[in-house]
Amino acid sequence: TRRRSRDAEDMDTASKITQLAAQVTPASFRRNLVFMVILFGICLGAVLFSLRLLSTRASLPVEKRMVIWDAIVRDAESDVVVRVNKVVSVLQDYAQSHSFEVVMMISIVYLFYQTFNVFLFWVPALGSLLTILAGALFGHWKALLLCSTLSSLGPVFAYALYNWVGKPVALKWAGDRIRQLELRIAAHRENLFAWIFFLRVTPLFPDILI
């Protein structure tokens, strides 16, 4: 009986997703997609403005800002440790004298990257880079507290974005995959925490999937 009940719930979940996907009209898809792109642009502008303001407050010279930019974006295919060493060489002294500004810069980039991961797939391993960078600048315990907080808030913001405007876009582009994922989640409902925990700590699965 328990098995039949679970199978019925799984079928109900798949049926709901199929119905939601069928309800997505071309107009709602375009509207939500445009809104997501506009929201991404606004947030990107706000992030860049905030980083400029914080770096100015920290008296960070332009040439050192460019070193950080190159390490994060232009050298995205390079080894993470090499990129971290470049950033640490610039921010090491500033992390002591302007710790608030450096923490805010790391936090803003971290949350923006996790919230809009779909748009930033071309910047690989940025989350790992920022985590290692925080550890190198602030030590184990402070970095653990900071990164644990940020890695908890980021997925919350990403889910809110999906639930608010991204659902029609996701269902239109990847409805079958979402249906399969929902069925897999439903199959592990009783031990869902352990299942997600395994996915989270296993380096084989990208953060965007989890």
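Me: Before we look at the surface, how do the accessible areas come about here?
Reply: Accessible areas come from the Shrake-Rupley method, run with a 1.4 Å probe. This is a predicted model, and the surface of its chain comes to about 13,400 Å² by that method. The share of that surface belonging to carbon and sulfur atoms is 66%.

Me: What pattern does the chain follow along the sequence?
Reply: There are zero strands to place, just eight helices. Reading along the sequence therefore gives helix after helix, and since helices are numbered from the N terminus, names such as α2 simply follow that order. The pattern is α-α-α-α-α-α-α-α.

Me: And how much of the chain is buried?
Reply: The chain has 210 residues. A residue needs under 20% relative accessible area to count as buried. Buried residues make up 35% of the chain.

Me: What share of the contacts with a separation of 6 or more comes from residues 24 or more positions apart?
Reply: Take the contacts in the chain whose separation is 6 or more. Within that set, residues 24 or more positions apart account for 72%.

Me: Is the ring pair of Phe 35 and Trp 164 stacked or edge-to-face?
Reply: It's one of four aromatic pairs found in the whole structure. The ring centres sit 5.4 Å apart and the planes are at 85 degrees. Planes over 60 degrees apart count as edge-to-face, so with its 85 degrees this pair is edge-to-face.

Me: Which helices does that pair link?
Reply: The two residues are 129 residues apart, so this pair links distant parts of the chain. Phe 35 belongs to the helix spanning residues 26-57, and Trp 164 to the one spanning 140-187. Those are helices α2 and α7.

Me: Is Trp 164 buried or exposed?
Reply: Its partner Phe 35 is partly exposed, at 34% relative accessible area. Trp 164 has a relative accessible area of 60%, and the cut-off for exposed is over 50%. That makes Trp 164 exposed.

Me: Is the pair of Phe 40 and Phe 112 stacked or edge-to-face?
Reply: The centres of these two rings are 5.6 Å apart, with the planes at 25 degrees. Planes under 30 degrees apart count as stacked. The pair links helix α2, which holds Phe 40, to helix α5, which holds Phe 112, across 72 residues. With planes at 25 degrees, it is stacked.

Me: Which residues do ring pairs link into a cluster?
Reply: Both members of the stacked pair belong to it. Phe 40 is buried at 15% relative accessible area, and Phe 112 is buried at 10%. The cluster is Phe 40, Phe 112 and Phe 116.

Me: Which side chains meet in a salt bridge?
Reply: The count comes to one salt bridge, with N to O at 3.2 Å. One partner lies in helix α5 and the other in helix α2, so the pair ties together parts 44 residues apart in sequence. The α5 partner is buried at 7% relative accessibility. The side chains are those of Glu 101 and Arg 57.

Me: Which helix gives the most to the nonpolar patch?
Reply: The patch is formed on the surface by Leu 44, Leu 48, Val 62, Met 66 and Trp 69, with about 450 Å² of accessible area together. Two helices, α2 and α3, each supply at least two of its residues. Met 66, partly exposed at 38%, has its place in helix α3. With three residues, the one that gives the most is α3.

Methods: Residues numbered from 1 in each chain as written. Predicted model: local features only at pLDDT ≥ 70, side-chain atom pairs only at ≥ 80, totals over all residues. Heavy atoms only, no water. Helix = DSSP H or I, 4+ residues; strand = E, 2+ residues; numbered from the N terminus. Buried < 20%, exposed > 50% of the residue type's maximum accessible area, 1.4 Å probe, protein only. Contact = heavy atoms within 4.5 Å. Phe/Tyr/Trp six-rings, centres within 6.5 Å; stacked < 30°, edge-to-face > 60°. Salt bridge = Lys/Arg side-chain N within 4 Å of Asp/Glu carboxyl O. Patch = residues over 30% accessible without salt bridge, like charges linked within 9 Å, V, L, I, M, F, W, Y side chains within 5 Å.
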